[in-house]
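Q: I have a model open and want to learn how to read its metal site and one of its pockets. Can you take me through them?

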Amino acid sequence: MTPPRIDLHTHSRASDGTDSPRGVLEAAAGAGLDVVALTDHDTTAGWADAAEAVGTTGVALVRGTEISTRVTTEGGSISVHLLSYLHDPDDAVLRAECDRTRDDRLTRARRMTERLAEDFPLTWDDVVAQTGDDATVGRPHLADALVAAGVVATRDEAFATMLHPGARYYVPHYAPDTDAAVRAVLGAGGVPVMAHPGAGARGRTVSEETIAALAAAGLAGLEVDHRDHDDATRDRLRGLAGELGLLVTGSSDYHGTGKLNRIGERTTAPEVLARIEERGLLDVIRP
Ligand code: AMP
Ligand code: ZN
Ligand code: FE
Ligand code: FE
């Protein structure tokens, strides 16, 4: 018997992926996966549609969210993505934080659109046209609107130029402190795992001391195997996880056709999923 293949980080149209939630499970089935986690940014809006597809696709579903957070340092603030697995979607504290982030992401996307509109043929309606109903809006939607308007050729080009944090069109959005978010996830019965901790191309990354402090606050794992980590970074993070007693996950961060990441390109060991399920409030939904 071959071990089950498990991918614990994907996005749908409930945030900035291009597949429906059901479509993510269909893609997972097509890639020969046995278990997939749907982890849209700051929302659980895709869970119900994904859960309905478990029976027909035969793919088990881990309900998750990728929470936008930040660590404040002397050198400025660092964006940290915190995966939460199997938490109560109705927990008041966690919900309030995600609602606040989503609201401010909307304000921020409008502000960035206003700034971009000074130089490029882009309207707010163009951005809305690229964003799914109820979706958490993000820079990928602005990128798609810029592609549709003929300003850039690809999402990548938009991220490398006008959507880059260093560009004058960039506006940050509200996000809770990472340690408060870890506590909120634990309070909601979830299992907190830091997403792509060493993805340096996205901006500054957190120090080992910060990760150690978060581990002391209850962080459960590190997403070590991710395409944004080179071999040396993976080795370093695996060593750190061992020292701190953290779980090690691996995942694709699939966004449909919105990014090159192929679903199932990185996977998580079945023993690790078992530990996550033991600790999480919700069960994995199995076919
Ligand atoms: P935001 O959270 O709105 O600041 O946008 C960040 C999101 O954009 C993350 O979910 C990334 O996965 C996505 N992203 C970052 N770089 C790229 C890129 N080059 N192409 C497509 N998506 C990207
Ligand atoms: Zn994303
Ligand atoms: Fe992320
Ligand atoms: Fe992600």
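Q: How many Å separate the zinc ion (ligand 2) from the iron ion (ligand 3)?
A: Start with the metals themselves. In this predicted model, the zinc ion (ligand 2) and the iron ion (ligand 3) are 5.7 Å apart.

Q: Which residues coordinate the zinc ion (ligand 2)?
A: Look for donor atoms, meaning N, O and S atoms within 2.8 Å of the metal. Here Asp-16 is listed twice, each time through OD. His-41 and His-255 each give NE2. The distances run from 2.1 to 2.5 Å.

Q: What spacing do the donors follow along the chain?
A: Read it as a pattern of letters and gaps. For the zinc ion (ligand 2) it is D-x24-H-x213-H.

Q: What does the pair Asp-16 and His-255 tie together?
A: Find each residue's place in the fold. Asp-16 sits in the loop between β1 (6-7) and α1 (21-30). His-255 sits in the loop between β7 (247-250) and α11 (270-279). The pair therefore ties together parts that are 239 residues apart in sequence.

Q: Are Asp-16 and His-255 buried or exposed?
A: Buried means under 20% relative accessible area. Both Asp-16 and His-255 are buried.

Q: Now the second largest pocket. Which residues lie nearest its centre?
A: Take the space, then the lining. The space is about 240 Å³. There are 14 lining residues, and Leu-106, Thr-131, Asp-134, Ala-135 and Val-137 lie nearest the centre.

Q: Which elements give two or more residues to that lining?
A: They are α4 (92-117) and α5 (124-130). The largest share, four residues, comes from α4.

Q: How do the residues of the lining divide?
A: Sort them by type. Six are nonpolar, three polar and five charged.

Technical notes: Residues are numbered from 1 along each chain as its sequence is written. Chains are lettered from A and ligands numbered from 1 in the order in which they are written. This is a predicted model: local features need pLDDT of at least 70, side-chain atom pairs count only at pLDDT 80 or more; totals for chains, interfaces and linings use all residues. Side-chain values use heavy atoms; hydrogens and water are left out. Donors are N, O and S atoms within 2.8 Å of the metal (3.2 Å for Na, K and Ca); water is not among the atoms, so sites may look incomplete. Buried means under 20% relative accessible area, exposed over 50%, partly exposed in between (1.4 Å probe, protein chains only). On a 1 Å grid over the protein atoms alone, a cavity is a set of points where a 1.4 Å probe fits but cannot get out, and a pocket is an open set with protein on both sides within 12 Å along at least five of seven lines; lining residues have an atom within 4 Å of a point. Grid points are joined across faces, edges and corners, and a volume is the space filled by probe spheres set on the points. Ala, Val, Leu, Ile, Met, Phe, Trp, Tyr, Cys and Pro count as nonpolar, Asp, Glu, Lys and Arg as charged, and the others, Gly among them, as polar.
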